[in-house]
Amino acid sequence: MMKKKFVSVVVCSLALLFGAGFAGCDAAQGGWVPAPGEGLAFDADGEAGNYRYPDVEEQKFYDAEKQPSSYFSLDRNTAGYSLMRAQINAGDRIVASSVRIEELVNYFSYEYPAPAEGEGLKATAYLSECPWNEGHNLITVGLKSEERVLAEGKNNYVFLIDVSGSMSARVKGLEGQTCLDLVKYGIGKLTDGLGANDAVSVVKYASGEETVLEPTLATEEGKAQIKRAVNGLTAYGATNGSGGLELAYRNAEKYFSDEGNNRVILMTDGDFNVGIRNETELKEFIQEKARKGVYLSVLGVGMGNMRDDFMQTLALNGNGNYAYIDTPREAEKVLCEELGGLLSVVAKDAKAGVTFSGDAVVKYRLIGYDMKMLSEDDFENAEKDAGEIGSNLCVTALYEAELSESVQAGAPLAEVCVRFKSTSGKEKEISVSVEHVLTETDDLAFISCVAEFGLILRNSAYKGDADLSSVLSRLNDLTPYLEGDVYKAEFRQLVEKARRSGYYEA
């Protein structure tokens, strides 16, 4: 018997709006790349049509004696990386406000030690040199989440699909395929990864909303039925995003399974142009659902029409994550390779507090997480909403720090405390010390390259001597390491494209 007790909703805005024409397939990258001159034209405010990014104010340096502690919400959003890749591949200059450095760094997996069964998370910390600021160091906090098997319970998923007129737009380079066709492709991949005990219902929305498939078990026969329901959809009308969300929540609650995970997968271009348009109202709506145990995560995909600011609002206030799909390969990465991370939460309300030693550290600056900062009261408050971390994922936080000239080798530099709740609601805390011991690994070298690249794209006030040639030189030194990971190898190609563009010369 299904009971209403706890609901977790994922908004997978799988609006695979690749937007500005992808004119061919790059076999080396496995994705679609634009022909020269077919990129989107962004104005000075970072807008293209209805496409908007949220404002981001970078964290500054803090005096470690006067303000020794730093607090922030943890999650593993990756949308910022795909947004960056789409802009570079389109031949556009990066919109500074679209660059969220933690999302660039967190796009990749690293060899962090995994937690023991039942621990949920394991934290490690490392000290390395800062390539763009001589005399400074980088403190890397690495988290690895426990791997959970999706098929353990009877899961309940709602596919919420935007079928508004904008989804009928054709994608250049895909031989007449529309945005909705790409959505269907992504849903097919996601459905293939579900277990036979998982129940799926399908809701569509445009000018109105409708449940088109009641809960169906994802057996082999059921998967075919789910795909038929999705493949039969056509695009029309306006976008009543709020109405679709409301129906999706009702379906998730109606068919709640107390034996497994309950989620809604929303596929949309993110432009809620009918219904709740006001961001404050949307935020309050999502927060209310989150307080009632309804979780919301976002997969945003699309250029030109997708509202990145609304997608961020959904993810940050709905206890979920946010990814962005810009290529078919990215759809497979998110919906196949990392399906457990998307659908199975390991750590709820995850947050970090880092306290620096005023004797050993002169000043420090958190790189990224600018939209996710918390106060000390928020960190101490167990009821404060924070981020969620899925199964078998890596999460990284990076600080730039100036150390005291008198600090001794092996001296403690900082204490890292991570708090979260298990899926049962039990509060947990893990900690790790940062010591004055330099560590050199390929992972740390690569992370510094990604962070430096982000500083350059943002034209950050804190980029120091950051330089694309330096980044490329260090990446070339990591060639064997890059060749072992298609996504890391692709990153080097993006840095090369950025340098060739001439947009980021000092």
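This tour moves from the whole protein to one strand and then to one residue of a predicted model.

**The whole protein**

Begin with the entire protein displayed as a cartoon. The protein contains 14 helices and 18 strands. Of its 506 residues, 61% are buried. Display the surface next: the accessible area of the protein is about 19300 Å², and carbon and sulfur atoms contribute 44% of it. Contacts between residues 24 or more positions apart make up 79% of the contacts in the protein with a separation of 6 or more.

**Strand β4**

Now select residues 69-73, which form strand β4. Is this strand enclosed or open? Because 5 of its 5 residues are buried, β4 is largely enclosed by the rest of the structure. Inspect the two faces of β4 in turn: Ser69, Tyr71 and Ser73 lie on one side, Ser70 and Phe72 lie on the other, and all of them are buried.

Add residues 345-356, strand β13, to the selection. The strands β4 and β13 run antiparallel and are joined by 5 bridges. To find one such pairing, select Ser73, whose bridge partner in β13 is Lys351.

**Asp198**

Finally, select Asp198, in the loop that connects α3 (179-192) with β8 (199-205). Which side chain of opposite charge is nearest to Asp198? That side chain is Lys223, at 7.7 Å. Asp198 is buried and has no salt bridge, since a salt bridge requires the charged atoms to lie within 4 Å. Select Asn155 as well: the side chains of Asp198 and Asn155 make a polar contact at 2.7 Å.

Note on methods
Residues are numbered from 1 along each chain as its sequence is written. This is a predicted model: local features need pLDDT of at least 70, side-chain atom pairs count only at pLDDT 80 or more; totals for chains, interfaces and linings use all residues. Side-chain values use heavy atoms; hydrogens and water are left out. Helices (H or I, at least four residues) and strands (E, at least two) are DSSP runs, numbered from the N terminus. Buried means under 20% relative accessible area, exposed over 50%, partly exposed in between (1.4 Å probe, protein chains only). Lys and Arg count as positive and Asp and Glu as negative; His and the chain ends are not counted. A polar contact is a pair of N or O atoms within 3.5 Å; within protein, one must be able to donate a hydrogen and the other to accept it, and residues adjacent in sequence count only if both atoms are side-chain atoms. Contact means heavy atoms within 4.5 Å. Accessible areas come from the Shrake-Rupley method with a 1.4 Å probe; for residues, only the protein chains shown count as cover. Two strands pair if DSSP finds at least two bridges between them.
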